[in-house]
Amino acid sequence: MNLVLYVWRQKNAQSAGQMVRYDAKNVSPDMSFLEMLDVVNEELIAKGEDPIAFDHDCREGICGSCGVMINGQAHGPKKATTTCQLHMRSFSDGAEIYIEPWRAKAFPVIKDLVVDRSSFDRIIQSGGYISVSTGNAADANALPVPKSNADRAMDAAACIGCGACVASCPNGSAMLFTSAKIAHLNLLPQGQPERKERVLNMVDTMDAEGFGSCTNHRECEAACPKEIDIDFIARMNRDYFWASLTYQKPSARGGGE
């Protein structure tokens, strides 16, 4: 396959960026998208040019490191597929492919296709954990969990935090990510003691990081490579409303509930 690539090149966060054309020749249809970029970079390095910077790690669709806009779609044209799992056979010979970084105020560009997603880390740090002692691992049936709750918790836990939901949302909302991280703990018995404080802290941090609100476009749901659905956003909003009425943070009154 021979392809024409238009890649966003930006030296750093302070400099202006631009699309740069590259010819990718003799690309195997069995290559992954990242392997195709590797080949392009090898040619750039051989010519003494700066290689294209892009995030990657496991290349198995698990870590959430990779993620670029491909022809205007987060992770490209194939549904429920991360960039690293996207193969070049998904494109036609001679195709023109436009590759850009995630575009969102809360994801500033570091270089080329690499963006700073540490805002996600700060949302998790604000409450995406269980700090109470849960003791040793209990016997499998000692702590009954409704199957529907267990299944939904597993659905939510599938979120890999890649940021495709933010990049695809016209309002740059992180509500799908935040709601999934809240739900996978709040649906389980171990998550109940800190349920209210968790949702208040994580939503407040999400807002403080500059993410927009949900506008019900459902682009986040369509772009999510793990098919997280927006029902989790409704659950988060309900939990936030309930917690706002019935809970005051310890920092506000020197105690808990």
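**How many residues of S1 are buried, and why is S1 largely enclosed by the rest of the structure?** Seven of the seven residues of S1 are buried, so the rest of the structure largely encloses this strand. Buried here means under 20% relative accessible area, with exposed over 50% and partly exposed in between (1.4 Å probe, protein chains only). The legends below start with the whole chain and then return to S1.

**Figure 1. The whole protein, as a predicted model.** This is a predicted model, in which local features need pLDDT of at least 70 and side-chain atom pairs count only at pLDDT 80 or more, while totals for chains, interfaces and linings use all residues. Residues are numbered from 1 along each chain as its sequence is written, and side-chain values use heavy atoms, with hydrogens and water left out. The protein holds nine helices and seven strands; helices (H or I, at least four residues) and strands (E, at least two) are DSSP runs, numbered from the N terminus. Its C-alpha trace spans about 65 × 40 × 35 Å along the principal axes. Of the 257 residues, 46% count as buried. The protein exposes about 13000 Å², and carbon and sulfur atoms supply 48% of that area (Shrake-Rupley method, 1.4 Å probe; for residues, only the protein chains shown count as cover). Take the contacts between residues at least 6 apart in sequence: 69% of them join residues at least 24 apart, where contact means heavy atoms within 4.5 Å.

**Figure 2. The five-stranded open sheet.** Follow the strands across and you will read the order S2-S1-S5-S3-S4, with mixed pairing. At the edges are strand S2 (18-24) and strand S4 (73-74), each of which pairs on one side only. Two strands pair if DSSP finds at least two bridges between them. Strands of a sheet pair through backbone hydrogen bonds, either parallel or antiparallel. Helix H1 (residues 33-46) lies across S1, S2, strand S3 (69-70) and S5, and runs at about 90° to S2. For that angle, axes are lines fitted to C-alpha atoms, for helices over the stretch in contact, and angles run from 0 to 180 degrees between N-to-C directions.

**Figure 3. Strand S1 and its two partners.** Here is the strand from the opening question, with both of its faces covered. Leu-3, Leu-5, Val-7 and Arg-9 are buried on one side, and Val-4, Tyr-6 and Trp-8 are buried on the other. With S2, strand S1 pairs in the antiparallel sense over seven bridges, and Arg-9 stands opposite Gln-18 in S2. With strand S5 (residues 96-100), S1 (residues 3-9) runs parallel, and four bridges join the two. Three positions help you find the register: Val-4 has Glu-96 as its bridge partner in S5, Tyr-6 stands opposite Tyr-98, and Val-7 is partnered by Ile-99.

**Figure 4. The two faces of strand S5.** Side chains alternate along S5. Ile-97 and Ile-99 point to one face and are buried, whereas Glu-96, Tyr-98 and Glu-100 point to the other and are not. S3 pairs with S5 in the antiparallel sense over two bridges, and Ile-70 has Ile-99 as its bridge partner in S5.

**Figure 5. Two loop residues with positive phi.** His-75 sits in the loop between S4 and S5. Its phi is positive, about 70°, although His-75 is not a glycine. His-75 is buried, with a relative accessible area of 0%. Asp-112 belongs to the loop between strand S6 (109-111) and S7. Asp-112 also is not a glycine, yet has a positive phi of about 50°, and at 2% relative accessibility it counts as buried.

**Figure 6. Val-115 and its surroundings.** Val-115 lies in strand S7 (residues 114-115). Because its relative accessibility is 6%, Val-115 counts as buried. Leaving aside neighbours within four places in sequence, Val-115 is in contact with Asp-55, Pro-101, Trp-102, Phe-107, Pro-108, Val-109 and Ile-110. To place this view relative to S5, look for Ile-97: Val-115 and Ile-97 are 18 residues apart in sequence and 20 Å apart in space, C-alpha to C-alpha.
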